[in-house]
Amino acid sequence: MLLPFSASAGFGVDKPGGTPCQNLAADDGCRIHATLREDGWPGCTVFECFGAGQQVSQVTYAGVSWRDQDNLPEMAAVLSVMRFLHEMLVHLTEVERRSPDPAATAARTEIEDLTGRDPEALLTFDLDDLHERVGTLLADASTRVRRPHPAATDRTRADLAGQRLAGDQRGTSFRGATLIRADLRDTDLTDADLLGADLRDADLRGCDLSTTLFLTQPQVNAATGDAATRLPNGLRRPGHWS
């Protein structure tokens, strides 16, 4: 309902924000959820809100349906902010697990407090400053985890679309890299940093991703894998993987 999407991004049709999806049922379910990819809606299978939708609907707006809201643009803006905050929480939780840092723990507490505040507080908070601070914390954690791999390559923001990346990529930084249709079959990605990497149609068959850093469910959903692909704890194997 709230977010816009386009056919070019894999959503079947163009839809402006604030208008219901044509597949939205009266009970707020999706009429074609079981056949999204077959029906030409792969974008829906890739999208992930990291729990922000539930937080906005059940906490920020106290369970009042969007059908009963008189300010849908505000609700949409709050959802965008909340999704941003929840994604940062996912990454900070990983820092806590892989390389604990008191500053990262403090940032996580700050963000958790912010997610429980009212729409005005969410929409007036300085997100740019928060993003910069969290980005530094994630970069520092990445360096600490990847340091034992002295031969690691820095491929931050590199355009690697369609390339074959074979062999030893342990500890490599792929932060913000373009890996669309890249061939990573059987590549050693131990402790590689995949924060923000574009993995659309990347071939991850046979890859052990279990110790990669900052890999998210949307990235996994957008890629191609198989039964031999190993994922980090907490991430699901997409249904379209063979």
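In the predicted model, R170 is partly exposed, with a relative accessible area of 37%. The salt-bridge partner of R170 is D168, and the closest N and O atoms of the two residues lie 2.8 Å apart. D168 likewise falls in the partly exposed class, at 47% relative accessibility. Side chains of opposite charge can pair in this way when their charged atoms come close. The structure as a whole holds 18 salt bridges.

Another of these ion pairs joins D183 to R164, with a closest N to O distance of 3.1 Å. Both residues belong to the loop between α6 (127–146) and α7 (217–222), where 19 residues separate them, and the pair thereby links distant parts of the chain. The two partners differ in burial class: D183 has a relative accessibility of 15% and therefore counts as buried, whereas R164 is partly exposed, with a relative accessible area of 43%. 

A salt bridge within a helix is provided by E112 and R108, whose closest N and O atoms are 3.2 Å apart. Both residues lie in helix α4 (residues 102–115), with a spacing of four residues, or about one turn of the helix. An α-helix has 3.6 residues a turn, so residues three or four places apart point the same way. E112 is partly exposed, its relative accessible area being 38%.

Salt bridges with shared partners also extend beyond single pairs. D168 and R170 form the salt bridge described above, at 2.8 Å. Elsewhere, R164, D183, R185, D203 and R205 are joined into one network by salt bridges that share partners.

The same loop between α6 and α7 contains R175. With a relative accessibility of 17%, R175 counts as buried. Its side chain makes a polar contact of 2.8 Å with the side chain of D193. Beyond neighbours within four places in sequence, the contacts of R175 include G135, L138, A139 and S142. T156, R157, D193, L195 and F214 are also in contact with R175.

Several of these contact residues recur around H91, a residue of helix α3. H91 counts as buried, because its relative accessibility is 5% and the cut-off for burial is under 20%. Apart from neighbours within four places in sequence, H91 is in contact with L138, L195, F214 and T216. L138, L195 and F214 thus appear in the contact lists of both R175 and H91. The C-alpha atoms of H91 and R170 are 20 Å apart in space, and the two residues are 79 positions apart in sequence.

Helix α3 itself comprises 27 residues, from 72 to 98. From the first C-alpha to the last, helix α3 reaches 39 Å, close to the 39 Å expected at 1.5 Å a residue. The N-terminal end of α3 is capped by N71, a side-chain oxygen of which lies 3.1 Å from the backbone nitrogen of E74.

Aromatic interactions were examined next. A pair of aromatic rings is described by the distance of the centres and the angle of the planes. The structure holds two aromatic pairs. In one, the rings of F5 and F11 have centres 4.8 Å apart and planes at 15°, so the arrangement is stacked. F5 and F11 are both buried. In the other, the ring centres of F5 and W41 are separated by 5.8 Å and the planes meet at 85°, so this pair is edge-to-face. F5 and W41 both lie in the segment before α1 (42–46), so their pairing ties together parts that are 36 residues apart in sequence. W41, like F5, is buried. Through these ring pairs, F5, F11 and W41 are linked into a cluster. A charged residue also adjoins the cluster member F5: K15 lies over the face of this ring, at 5.3 Å from the ring centre.

K15 is also a contact of L3, another residue in the segment before α1. L3 counts as partly exposed, at 29% relative accessibility. Leaving aside neighbours within four places in sequence, L3 is in contact with K15, P16, G17, F47, L79 and S80. L3 and L130 are 127 residues apart along the chain, and their C-alpha atoms are separated by 23 Å.

Note on methods. Residues numbered from 1 in each chain as written. Predicted model: local features only at pLDDT ≥ 70, side-chain atom pairs only at ≥ 80, totals over all residues. Heavy atoms only, no water. Salt bridge = Lys/Arg side-chain N within 4 Å of Asp/Glu carboxyl O. Helix = DSSP H or I, 4+ residues; strand = E, 2+ residues; numbered from the N terminus. Buried < 20%, exposed > 50% of the residue type's maximum accessible area, 1.4 Å probe, protein only. Phe/Tyr/Trp six-rings, centres within 6.5 Å; stacked < 30°, edge-to-face > 60°. Lys NZ or Arg CZ within 6 Å of the ring centre and 35° of its normal. Expected span 1.5 Å × (residues − 1). Polar contact = N/O pair within 3.5 Å; in protein donor to acceptor, adjacent residues only side chain to side chain. Contact = heavy atoms within 4.5 Å.
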